[in-house]
Amino acid sequence: MILTTNKKGEVSFCSESIESILGYSASEVLGLEYWRLTEDPEFIGEAYHEDYVDDRLYIRKLKCKNGDYKYIQWKDKRYSEDILIGIGQDVTEQIKIQNQYRDLIESANDLITEINFEGKIIYVNPFTEKALGYSKEEIFSNHYTTFIRTDYIDVVKEFYEYIPEDNGDYPDLVFPMIKKNGDTIWVTQKVTIKRDKFNKKTGFSVIARDITLIKNLEIEHFERASKIKIHNQVIKDLTSKSYSNKEGFKSVLKNILQKVATNCNINRTSYWSYIPEGLKCESIYYLNSNRFEKHFFVDINQHPIYFKALETGQQIVASDVYINKGTEELCYNYFPKHNIKSLLDTPIFINKKIVGILCFEAVDTKREWDNEDINFARSIADLIAIAIEAQMRNEAEKKLTYKSDILFEINKNTEKFLLSKNQDEILLGIVSTIGNVINASRVSYFEFDSKEISISQKIRWLSETNSIQSPNPFLQNLPLKSLGIIGDKLVENIPFNSIVRKIPNTETRKLLEGLGSKSILFTPIFIKETFYGILIFDDTSKEREWTFDEISSLEILSKNISFALERNINETIIQESEEKFRLLADNIPGVVYLSNNDETFSKIYLNDQIEKLTGYPKSDFIDGKKSFLDLVHPDEINNIVVNQRAFIKQGKPFHFIYRIIKKNGEVAWIEEFGDAIHKDGEITSIEGIFIDVTERKLAENAIKDKEYAEAANRAKSEFLANMSHEIRTPLNGIIGFTELLMNTELESIQKKYMDTVNQSANSLMEVINNILDFSKIESGKIELIIEKNNTSDIANQVISLIQHEAKRKNLNVNLIIDNNVPIYIWVDYIRLKQVLINLLSNAVKFTEKGNITLEITNEETKNLKNAKLKFSVKDTGIGIKAKNQAKIFEAFSQEDASTTKRFGGTGLGLSISNQLLSLMNSKLELESKIGIGSEFLFYLDVKYSNETKKYEQRKNKTEIQKPSENVISNNNLTIFIVEDNKINHCCPIKNNGIFIFLYL
């Protein structure tokens, strides 16, 4: 097993093999727990280093987890000033064997024999018989060499031929003897010379001890010691070798595999990395051919039992691969294919996760794997684990250094960001430096156009020139959708990276391939949670896999740029807001304030309006020379202060109207709005506004008077509407009967009188109608009824109504309707006709000669359903002076008194027309020149249609029709008329061409 400690003896690494030796897990012995658990009596901490010698061998008696004790032989190696690596081997068995050997010598039965000078055995003890399997008779008279293994006969004969000159004993001799069954028995013998009573040498006395077991153990121990020596030397060589930082894991791995195979005579030594799909061979060394190979693969799905055994963490020891359950699945293909007979697989774990296996394989002949092989394999696996961790550490250090370089540049440029107010300066400073650090071929900044949904390259850095180049003209106004799924991710603030040839969207892939990109990384830039732009990094030389550290670091860069740009935008907004606030505060018709929450509400801020409100400069309040509470009217000060503090305490905004006394002694009414500002749950200040409402207070009574007057005016309008109706009813009777009388046979003077009465009644009816409409409008009783109407029908009807009067004055009446005017429009045709008739009637009234023209044009077709029409009435009349053009639209107003005398009228027509148009969201416009004529015009936004139906019935009931000549019936008819007016009870009926009056 392998331990790594510091000078204090704290264990920082322990190989997994400790569990098979002492029973403890590697995690249990970390720190100083190893010394506590094993109860090593010789542990002396840092004092151990005072006489430290590298590669010193020593044995310690250690307590196992189950309470037993084992002997561990250690060899230490200093790795660095503070780190030692100890390699331990379990030598418990050797120690026991030595003790057993000694006990055996002390307690064993001996083989005792006597041999004469001819070499014949003349005596054996029973143990000799038992030991050799011969009877005494079979042994006696045989030469001693009969029972000695042939390869040792000469040695033993030479031993006996030498007779010491003195009486000293022969040296001990160890040699093998052959038992009757052919087995070998090893003995060690002590020989003494036998003498007779005359001291003559007669033979030899031999005491031999059966040391077969010990001899076998010695042989086994020797072989084992030789193996351990080789193993230790291999481990020493591997641990003592210094690898440069430039040497990668593969180089270290090859050295380990070759060293192990060569010194330990292992045919195939390999390392396989553990991946989700199975085992991938990273390197295999063939001892017989002295070569390396890789790229073998063992599928986990085809060998589930084998992989399950590996995942337990236990070694797979198969001296015969064809009888081992764990390797049964490999017997069908892998073993026969490579002629493998024996296998020893050692799983390698890092952080309790399997990362690979070390594999020893014997080919052609089987190999018995003993404990030394198993422990050695575990030690080598631990070394590979250390190499993997070292490689991971080196890679992590490289990544950390690389990331530190990126972050350094980001931080360095962030400082510039904070000082820069210019967007281009921020971006130009970073793209070149970061491009060099990450070894990108190109770095670009693209800006997003939210209106066009496109991106345009604004900044481009190229590694080949290490400089900023002009933006690519082909990468301007590029539709975002051309990036496919990349664009979708970017607008969701998700970075995107890929090998270009692996991008699924064909259009995007071809675009990037056309630009020479092989690998690309997009990082979005957002400002105020809105997609603003993209930083793009690409590699044109290789298909680069962007690492997590690179992506996360460049995301930080994009966010820093976002923060810098957003900060600049915010600062601009804040500056604009501050300027607007200052202008607003200085120009607001009131005093904006910020007060401390103290006894007098001392002021922190006031705008310049304070002096206008109070007469005191704001410095008097800011410097504490004056308190605003001092200005509050004495009758109201107590009530205001108490209520204000109560509202503030309750956390509610307050609103008061009270009086103050200004510097000049005047009393002013002010309205105060305020609220408390909280910070960390406490009220820190008060904000609010003082508004001078003195004029409003004075105007309140005037407003009440105005409301009374308006109510009276509405009552008047309602009265006029009702009275006009009552007047118009009898007036209809006058007009009707005068027209009937005029159709009778009258004298000329009577006819003239009746004509005068009829004209006067019609004039009076016009006045009454105008007053009635004006009253309805003022009282809000008119509502528009919007219906579908034929445009030309409306125009022809109004022309027909004024045609008679125009002909009487010899005026030409023209109707012009443009071809693009819709056939049907949705309007209140009665009110539209009322406006047009009023304008045309005025045109006829004020025109003595010339033309009257009604023109309708389509000014704008807004869509398939709505249009803007222009209605124009032109005349060649007297015209209107410029100073009177506004006056004529007022109620009961005409241009001047002479106009009223000359042409008559109430002056309500244009006012009513204008008010009716206002209900249609329009108004009258006027262009006029004295002596030339006038043009009244207005615009209407209408819904329209040009679709016609063959037999569509018109809704307009005022269409002029020729009188019907058809006689419906010649029979006498009974007519029943219901009428509430007595005048209308008189019904004219024409009988044989003569009107008669029938009173109902």
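**Tour of the two largest cavities**

A search of the whole structure, which is a predicted model, finds 5 cavities of 30 Å³ or more. The tour visits two of these.

**First stop: the largest cavity**

Begin by selecting Thr5, Trp35, Tyr48, Tyr58 and Asp76, the residues nearest the centre of the largest cavity. The space enclosed there amounts to about 300 Å³. Extend the selection to the full lining, and 21 residues are included.

Next, colour the secondary structure elements. Strand E1 (2–5), helix H2 (33–38), strand E3 (57–63), strand E4 (69–78) and strand E5 (84–90) each contribute at least two residues to this lining. Select E5 in particular: with 3 residues, E5 gives the most to the lining of the largest cavity.

Which classes of residue line the largest cavity? Colouring by residue class shows 10 nonpolar, 6 polar and 5 charged residues.

**Second stop: the second largest cavity**

Now move to the second largest cavity, whose volume is about 170 Å³. Select Thr113, Ile115, Phe175, Met177 and Gln189, which are the closest to its centre among the 19 lining residues.

Several elements give two or more residues to the lining of this second cavity:

- the strands E6 (110–116), E7 (121–124), E8 (173–178), E9 (184–195) and E10 (201–210);
- the helices H4 (126–132) and H6 (153–161).

Select E6 next, since the display then shows the largest share of the lining of the second largest cavity, 3 residues.

Finally, colour the lining of the second largest cavity by residue class: 16 residues are nonpolar, 3 are polar and none is charged. The lining of the largest cavity, by contrast, includes 5 charged residues.

Conventions:
Residues numbered from 1 in each chain as written. Predicted model: local features only at pLDDT ≥ 70, side-chain atom pairs only at ≥ 80, totals over all residues. Heavy atoms only, no water. 1 Å grid on protein atoms, 1.4 Å probe; cavity = no way out; pocket = protein on both sides within 12 Å on 5 of 7 lines; lining within 4 Å. Points joined across faces, edges and corners; volume = space filled by probe spheres on them. Helix = DSSP H or I, 4+ residues; strand = E, 2+ residues; numbered from the N terminus. Nonpolar A, V, L, I, M, F, W, Y, C, P; charged D, E, K, R; others polar.
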